[in-house]
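Me: Got a minute to go through this one with me? I'd like to talk about the sheet and the empty spaces.
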Amino acid sequence: MYTQRIINEKQLARSKERMDLLNIGNYGLHAIDTRNIIKKKLVRDGDKLIIDNKTFDLRDYDKVVVFTVGKASVKASQALEEILGDRINSGIGIDKESYQGNSINVYKGDHPLPSLNNVSISTQIKDEAEKLSEKDLAIVVISGGGSALLCYPESECMQSANLYQDFLSSGGSVIELNTIRKHISGIKGGGLAKALFPATVISMILCDVPGDHFPDVASGPTYKDKSTIDDAITVLEKYNLTNNYNLKETPKEDKYFEKVF
């Protein structure tokens, strides 16, 4: 049974046909609810954590640390605390709103334009990721909006703000935009996976990019990036945006992604 989410449903449901449409809307909103999705996909059975038929024994890890990025971070953090309780040692996230839980702190960042505040929070996320060892388990939830919210280093923040404004009038796709974003960042395009190495990583992606382009959600911080600097240059040249972007290559070494699930 879904939760009624359309608050003026009684005023709108003036016919059977309207009621049918409202029911469809309510079911749809229920199906994409972050907390429902997380709690359905990630199941704890004692010391076992099960996701998509893969089982992780929590007794194998010294610490369980949560990272959440994007506009679903607060709800994802709440769901993870409900599932794992005090088994979470610590957690940090960035969203458009803040949340202070028992183990996870989600900080409020700026969106759609990145800011120095975002850089500060993202630096904390990167620093916490780099503290993990091969005996630790990281649970990472990535959602839409993360491309602006997760921003490191400061040079990315300045370039990303310009890039966003440039792309508004270019007619380019979000995938093209994110190709460039990955190559001006130290944390996107697999950069977070590199920071988390050598920990085991459960990466949950809440995809809002049409066509299920999971590596482009938040510009793929835990995905091995298949694009190159040359691909980013091609996009910039296509839209005559060749100035003022300092491109760098994304992590390509397989070792950073072998323990990312």
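Reply: Sure, let's take the sheet, then the pocket and the cavity; keep in mind that this is a predicted model.

Me: How many strands form the sheet, and in what order?
Reply: There are 3 strands in an open sheet, ordered 1-2-3, with antiparallel pairing. Strand 1 (42-45) and strand 3 (54-57) are the edge strands, each pairing on one side only. From one strand to the next, the twist averages 25 degrees.

Me: And over how many bridges do strand 1 and strand 2 pair?
Reply: Strand 1 pairs with strand 2 (residues 48-51) over 4 bridges, in the antiparallel sense. Val-43, for instance, has Ile-50 in strand 2 as its bridge partner.

Me: Which helix lies across strand 1 and strand 2?
Reply: That's helix 3 (residues 34-41), running at about 50 degrees to strand 1. Helix 4 (residues 73-84) packs on the sheet too, where it touches strand 1 and strand 2, and its direction makes about 20 degrees with that of strand 1.

Me: Switching topic: how much space lies in the largest pocket?
Reply: About 300 Å³. It has 13 lining residues, and the closest to its centre are Ile-32, Thr-34, Ala-72, Leu-206 and Cys-207.

Me: What's the lining like by class?
Reply: For the largest pocket, 7 nonpolar, 3 polar and 3 charged residues.

Me: How many cavities of 30 Å³ or more are there?
Reply: The count is 1, and the largest cavity holds about 40 Å³ of space. Its lining has 8 nonpolar and 3 charged residues but no polar ones; Phe-197, Tyr-256 and Lys-259 are among them.

Terms used. Residues numbered from 1 in each chain as written. Predicted model: local features only at pLDDT ≥ 70, side-chain atom pairs only at ≥ 80, totals over all residues. Heavy atoms only, no water. 1 Å grid on protein atoms, 1.4 Å probe; cavity = no way out; pocket = protein on both sides within 12 Å on 5 of 7 lines; lining within 4 Å. Points joined across faces, edges and corners; volume = space filled by probe spheres on them. Nonpolar A, V, L, I, M, F, W, Y, C, P; charged D, E, K, R; others polar. Pairing = 2+ DSSP bridges. Helix = DSSP H or I, 4+ residues; strand = E, 2+ residues; numbered from the N terminus. Axes fitted to C-alpha atoms, helices over the stretch in contact; angles between N-to-C directions. Contact = heavy atoms within 4.5 Å.
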